[in-house]
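Got the viewer open? Here is a short tour, one selection at a time.

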Amino acid sequence: MSPDEYLSVLNPQQEEAVVHEGGSLLILAGAGSGKTRVITTKIAYMISHLHLDPYSILAVTFTKKAANEMKERAVLLEPKSAYAQIRTFHSFGAYFLRKYYMEAGVDKNFTVYDDDDMVNLVSKAIPTLPKKECSFVAHKISLAKDYCLTPDSSDFSQIGCTEEFADQYAAYEKRLRETGNVDFGDLILLPYLVLKNSALVKNEIHSRYRVIMVDEYQDSNVAQFLLLQQLSGVEDGVETYVCVVGDDDQSIYKFRGAEVKNILNFQNCFPDTKLVRLETNYRSSSQILACADSVVKNNAGRLGKTLVSARGNGKKPVLAFLENQDEECEFCSQLIENAHKKGVPYSDWAILYRTNAQSMGFESVFLRKKIPYTVVGTLKFYEREEVKDILAWLSFVANPKDEIAFRRIVNKPARGIGNTSQEKIVECGRGRSMLDGCREIKLSKKASEGVQFFVSLSVELDSMLNENPDAESGKKSKSKKKSLSDFVSAVSAKSGLEDYHRSQDEIAGTQKISNLQELANAASLYPCTKAGLLDFLDHIELDRTLENESEQDDSKDRVTMITLHNTKGLEFSRVIITGMEHGVFPREDKAGDELEEERRLFYVGITRAKDELYFTSCGMRRMYGQTKFMYPSPFLNEIDSSLMKVIGDTPPSYEPGLSAGEDPVAKKWHVGAQVYHDDYGYGVIASGKMNDEGEYVISVNFETGGTKRFLPKYQKSLVLEDCE
DNA sequence: GATCGTTCTATTTTT
DNA sequence: TAGAACGATC
């Protein structure tokens, strides 16, 4: 497309955003308003019309997928866009840290610890801490990093932590620095600190990046905001052009540290900000948008915008009240089957739910009815045991200071190196190299034999990467040139992990071996060198979504089953939002800010639909082995009934605020009453009160000695005894 | 270090 | 209910 062509397809607001120059720019882009088009066109425009050096443009997104799409589309418009930095926030951080590893105090060959690794490291850094609390602390540490809090920060109250957390955090951090590695939070936090502390680096960055763009800005966290501030030099009076794009109504990652305030306050932090609203929606019909609007307008503290559909009236959304889950699955499968008979492809459909567990019911029905489907986001390839084992080897070869990787592989398969031996080695080699620890420490005969094998294997594998094929004299046949996949295969074979997992496959009928082959395949694009290995690891660590390819492409026409969170950025012709029940969506414990976030999640779900939208709500649902009566989601009440076609009997609404005195349930199950329970026997009601949801909760002291709490409203196994 | 039984606990998760 | 995770035992 020629520059004038790609400008001519824009609407006035889009064009205004694209050609804007000068101060900063905040683009409030409603769902389906052509946001990506605007960003990519803007990149192309700056290069071709404003003659900006593509090298000086940095555009960051949150997902690899979004980054790839952005890059591809920008290159189509302007080939020179290929030289711009278009990447995820975290991959930019990794790139930055590889360049300034000295300043950041990390190893040149660092790898990235994931959440599991963090938990392991916490448990090693604080040996007295019980396992359960390790994951709690690890989670808090990553949250702390999202909020840009370091161990010496004075106040952890904003992440709900007390004094003792600072020590735990400090212990973890010390241990992490000894490995030379980083965690995800560091990919943002460390670049921020480097920029803050080094005028030299700062100058280098400021003179390079003249334009910085951030996509999905509503989901940026505090650390990312501060990093953006440093990168742009806005505080130092550097005139970097900053353009952020986002939609405050679609902020759904508060629980991970995302801060809506970033977008709400942008205009205060970046001077001379121009605000452009993109309010023309090219995705959904107006009846769908009417639902979306009537929901989201119940939220306070929005910048506010009204979407106008460019696609006409369309079909009225349908709300179906169903008796139970089975009916819900049946209803969905029939909708899809009937449409399929009329020629609607399966891939037009998406089934949305709040929690992953809800996919199960749909899966079994779809399996039985032979409706092809794909579940998005479950069992990630890189989280599988066998894959993690090999990755641990790869990370360890890259960086032998990595104690977590070391512990994972040193005794798998068993080589007689038990916990005590491992402890000794790590203690000895910490901060240097686990291999030094292996060589220097004295162990039992069995253990030292195992260690010897491990060390020589590490050395051998390491040397595979150091071979320089070009330096070899004589023949330079290209077919002989090794790729990293040879290295990965060698790791599986020589470590004994291949045999180990093959026997597991035979026992459990799993796919571990083919997963390992898949992993080796994925490495084939990289050279068999240290640099190639690091590249590969970065690619993997920073893109955990990559699925087993073979699973994906045997059939393209499939129904999508997906959590509401995972739908961000996607669109489907026909969308069914399931489980619209109080306690399921929104979840039970949500109130205030969190309830607003749930509402935004609902808004995101609705605005995924292009042509048809359905809601399903069940009167009963099996949860935790019990069948519970359900009330319709309060969100449904926010949509005027004239905006939907209702199927089935409307059940009574949920009524919060009944106090215990007025509640007939509470009168019946009064304190002091005798009860009998199928499993626990006779007991007396010791106390009764309303919980936050306005449900009456009793606690019962049983003759057998135990105390249990119940919701009598739902209780089937508990009966009142006559007191006579 | 493998296996079996008991106990506990149930979100969302771009990187 | 189901699955993971832990602890006791061989």
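## Starting on the surface

Select Glu-164 first: its relative accessibility is 53%, so it counts as exposed. Keep in mind while you click that this is a predicted model. Glu-164 belongs to helix H9. Now add Glu-133, Asp-155, Glu-163 and Asp-167 to the selection, and together with Glu-164 you have a negative surface patch. Helix H9, residues 163–179, supplies the largest share of that patch, with 3 residues.

## Over to the N-terminal helix

Next, pick Tyr-6, which sits in helix H1 (residues 3–8). Its relative accessible area is just 2%, so Tyr-6 is buried. What does Tyr-6 touch, leaving aside residues up to four places away in sequence? Show Met-1, Thr-41, Ala-44, Tyr-45, Ser-48, His-49 and Leu-77 and you have the set. If you want a distance to draw, go C-alpha to C-alpha from Tyr-6 to Tyr-45: 9.0 Å in space, with their positions 39 residues apart in sequence.

## Salt bridges

The structure has 52 salt bridges, and three of them are worth a stop here.

Start with Lys-568 and Asp-219, whose closest N and O atoms are 2.3 Å apart. Lys-568 is in the loop between strands S14 (559–563) and S15 (572–577), while Asp-219 is in the loop between strand S6 (211–214) and helix H12 (222–232), so the pair ties together parts 349 residues apart in sequence. Lys-568 and Asp-219 are both buried.

Then go to Arg-599 and Glu-638, another salt bridge, at 2.7 Å from N to O. This pair also links distant parts of the chain: Arg-599 is in helix H28 (residues 592–606) and Glu-638 in the loop between helix H29 (634–637) and strand S19 (645–647), 39 residues apart. Buried or exposed? Both Arg-599 and Glu-638 are buried.

For the third stop, select Lys-412 and Glu-385, where the side chains meet in a salt bridge of 2.6 Å, N to O. Lys-412 is in the loop between helix H19 (403–409) and H20, and Glu-385 is in helix H18 (residues 385–398), so this bridge ties together parts 27 residues apart in sequence. With 15% relative accessibility, Lys-412 counts as buried, whereas Glu-385, at 29%, counts as partly exposed. Widen the selection to Glu-385, Glu-386, Asp-389, Arg-408, Lys-412 and Lys-512: salt bridges with shared partners join these residues into one network.

## Backbone oddities

Stay on Lys-412 and look at the bond to Pro-413, which is a cis peptide with omega about -5°. Pro-413 is also in the loop between H19 and H20. There is another cis peptide bond from Phe-585 to Pro-586, with omega near 5°; Pro-586 lies in the loop between S15 and H28.

Now for phi. Glu-216 isn't a glycine, yet its phi is positive, about 50°. Look for Glu-216 in the loop between S6 and H12; it is buried, with a relative accessible area of 13%. Asp-272 is another residue other than glycine with a positive phi, near 60°. Asp-272 lies in the loop between helix H14 (266–269) and strand S8 (274–278), and at 62% relative accessibility it counts as exposed.

## Last stop

Finish on Ser-433, in the loop between helix H20 (419–429) and helix H21 (434–440). Ser-433 is buried, with a relative accessible area of 13%. Leaving out residues up to four places away in sequence, Ser-433 touches Pro-400 and Lys-401.

Note on methods. Residues are numbered from 1 along each chain as its sequence is written. Chains are lettered from A and ligands numbered from 1 in the order in which they are written. This is a predicted model: local features need pLDDT of at least 70, side-chain atom pairs count only at pLDDT 80 or more; totals for chains, interfaces and linings use all residues. Side-chain values use heavy atoms; hydrogens and water are left out. Patches are made of residues with over 30% relative accessible area and no salt bridge: like charges are joined within 9 Å, nonpolar side chains (Val, Leu, Ile, Met, Phe, Trp, Tyr) within 5 Å. Accessible areas come from the Shrake-Rupley method with a 1.4 Å probe; for residues, only the protein chains shown count as cover. A salt bridge is a side-chain nitrogen of Lys or Arg within 4 Å of a carboxyl oxygen of Asp or Glu. Lys and Arg count as positive and Asp and Glu as negative; His and the chain ends are not counted. The place of a charge is taken as NZ of Lys, CZ of Arg, CG of Asp or CD of Glu. Helices (H or I, at least four residues) and strands (E, at least two) are DSSP runs, numbered from the N terminus. Buried means under 20% relative accessible area, exposed over 50%, partly exposed in between (1.4 Å probe, protein chains only). Contact means heavy atoms within 4.5 Å.
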